[in-house]
Amino acid sequence: MIAFEDIAVQLGGRIVLEDATFTVHAGELVGLIGPNGAGKTTLLRTALGLLKPVRGRVEVAGLIGYVPQRHEFAWDFPISVEDVVMTGRTGRLGLLRRPRTTDWEAVDEALERVRMTDLRTRPVGQLSGGQRQRVLVARALALRPAALLLDEPFTGLDVPTQELLSELFLSLAREERAVLMTTHDLAGAMYGCDRLALLNRSVVAVGTPEELAERDELWMRTFGISPHSPLLRVLKAAA
Ligand SMILES: Nc1ncnc2c1ncn2[C@@H]1O[C@H](COP(=O)(O)OP(=O)(O)OP(=O)(O)O)[C@@H](O)[C@H]1O
């Protein structure tokens with residue numbers, strides 16, 4: 001599980017996130033929802049220990065696998081799918097540490113899990129957006145993490161690929177991992193996540209899609225939208 005307890009984070013001399021308290025339990029997929037600049041990435045980076053909160057603490061039981069936004073990865077680097085996944089185990093200094101049998105076993109297992117075994121020797125530059133996203137998930141899984149953090153995994157993907165990945169994330173959660181995913185695809189999150197955390201500089205609400213769909217005021221507060229926003233109708237339909 002991942003437990004955020006009263007987190008406050010300061011960046012550039014400004015508090016960008018505060019009063020962030022919620023828990024992602026093992027076995028569930030939680031969507032982290034909020035407008036641009038709400039502090040979603042900041043919260044993920046805090047869980048990873050890359051940012052130190054000025055208040056509160058994050059507790060994570062076990063290793064964390066991190067799936068960054070796809071554009072943050074250097075896809076034009078001449079490296080194969082399996083070698084990228086291996087860096088999930090060996091880190092940036094991967095080429096200096098020779099992989100052991102257990103490392104390759106973990107890589108094989110991760111590739112199988114995301115159905116990328118057939119493409120393991122393919123240079124990553126030749127992959128489609130959906131395949132690249134699966135490689136990044138496999139790289140995170142190679143660590144055999146107890147928790148998985150996904151930063152906007154659906155951006156730029158077509159609907160069938162989003163649905164396929166959404167099913168994958170849910171099944172990864174059901175294998176007793178705690179999975180936390182940021183997304184701007186609200187209808188997809190209403191449909192595919194067990195619970196949602198609404199964030200706008202602080203946590204506005206946490207609940208199941210069904211619970212939150214009925215609470216217009218929470219979405220208005222999170223996104224600064226009017227009571228007449230079409231979003232409110234879409235959410236109810238998707239829940
Ligand atoms: N290095 C930094 N220095 C100062 N302020 C920063 C820094 N990084 C982020 N911020 C600010 O912190 C706030 C939260 O940013 P964050 O990237 O966490 O938002 P987000 O919810 O992930 O947004 P998006 O949906 O656009 O990815 C923003 O106001 C942003 O401008």
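This is a friendly conversation about reading a predicted model, from its domains down to single residues.

Trainee: Where should I start, and which domains does the chain have?

Mentor: Start with the broad layout, remembering that this model is predicted. The domain assignment gives domain 1 as 2-62 + 146-238 and domain 2 as 77-145. Their centres, taken over C-alpha atoms, are separated by 26 Å.

Trainee: How many residues of each domain are in contact with the other?

Mentor: On the domain 1 side there are 11 residues, in contact with six residues of domain 2. Strand S6 (147-151) and helix H5 (159-174) are the elements that give two or more residues to that side of domain 1. H5 gives the most, with three residues. Sorted by class, the side of domain 1 that touches domain 2 has seven nonpolar, three polar and one charged residues.

Trainee: Now the sheets, please. What holds strands together in general?

Mentor: Strands of a sheet pair through backbone hydrogen bonds, and the pairing can be parallel or antiparallel. Here, one open sheet has three strands in the order S2-S1-S4, and its pairing is antiparallel.

Trainee: Why is one side of S2 and of S4 left without a neighbour in that sheet?

Mentor: Strand S2 (14-24) and strand S4 (55-60) stand at the edges with a single partner strand each, so one side of each has no neighbour in the sheet. On average, neighbouring strands of this sheet are turned by 25° against each other, direction ignored. For a pair to look at, take strand S1 (residues 2-11) and S4, which run antiparallel and are joined by five bridges. Within that pairing, Ile2 has Val60 in S4 as its bridge partner.

Trainee: Which helix lies across S1, S2 and S4?

Mentor: That is helix H1 (residues 40-47), and its direction is at about 115° to S1. H1 is also worth following to the ligand, since your next question may be about the residues there.

Trainee: It is! Which residues surround the ligand?

Mentor: The shell is made of Leu11, Gly12, Val16, Gly34, Asn36, Gly37, Ala38, Gly39, Lys40, Thr41 and Thr42. H1 gives the most to this shell, with three residues. By class, the shell divides into three nonpolar, seven polar and one charged.

Trainee: What is the strand order in the open sheet of six strands?

Mentor: Follow S5-S6-S7-S3-S8-S9, and note that the pairing is mixed. At the edges are strand S5 (64-67) and strand S9 (203-207), each pairing on one side only. Neighbouring strands in this sheet are turned by 15° against each other on average, direction ignored. Strand S3 (residues 29-33) and strand S8 (residues 195-199) run parallel and are joined by four bridges. Ile33 is the residue that stands opposite Leu198 in S8.

Trainee: Which strands of this sheet does H1 touch?

Mentor: H1 packs on the sheet and touches S3, S5, S6, strand S7 (178-182) and S8, with its direction making about 150° with that of S6. H5 lies across S3, S6 and S7, and runs at about 150° to S7.

Trainee: S6 keeps coming up. How do I read the side chains of a strand?

Mentor: In a regular strand, the side chains alternate between the two faces of the sheet. In S6, Ala147, Leu149 and Asp151 point one way, while Leu148 and Leu150 point the other way, and all are buried. Five of the five residues of S6 are buried, so this strand is largely enclosed by the rest of the structure.

Trainee: Which residues pair with those of S6 on its neighbours S5 and S7?

Mentor: S5 and S6 run parallel and are joined by four bridges, with Tyr66 opposite Leu149 in S6. S6 and S7 also pair in the parallel sense, over five bridges. There, the bridge partner of Asp151 is Thr182 in S7.

Trainee: Let's finish with a loop. Where does Pro123 lie?

Mentor: Look in the loop between helix H3 (101-113) and helix H4 (129-141). Pro123 counts as partly exposed because 16 other C-beta atoms lie within 10 Å. Leaving out residues up to four places away in sequence, Pro123 touches Pro78, Ile79 and Ser80. Val84 is 39 residues from Pro123 along the chain, and their C-alpha atoms are separated by 9.5 Å.

Definitions and conventions. Residues are numbered from 1 along each chain as its sequence is written. This is a predicted model: local features need pLDDT of at least 70, side-chain atom pairs count only at pLDDT 80 or more; totals for chains, interfaces and linings use all residues. Domain bounds come from an automatic or database domain assignment. Two residues are in contact if their C-beta atoms, placed from the backbone, lie within 7 Å. Ala, Val, Leu, Ile, Met, Phe, Trp, Tyr, Cys and Pro count as nonpolar, Asp, Glu, Lys and Arg as charged, and the others, Gly among them, as polar. Two strands pair if DSSP finds at least two bridges between them. Axes are lines fitted to C-alpha atoms, for helices over the stretch in contact, and angles run from 0 to 180 degrees between N-to-C directions. A residue is near a molecule or strand if its C-beta atom, placed from the backbone, lies within 6 Å of it. A residue is buried if 20 or more other C-beta atoms lie within 10 Å of its own, exposed if 12 or fewer, and partly exposed in between; C-beta atoms are placed from the backbone.
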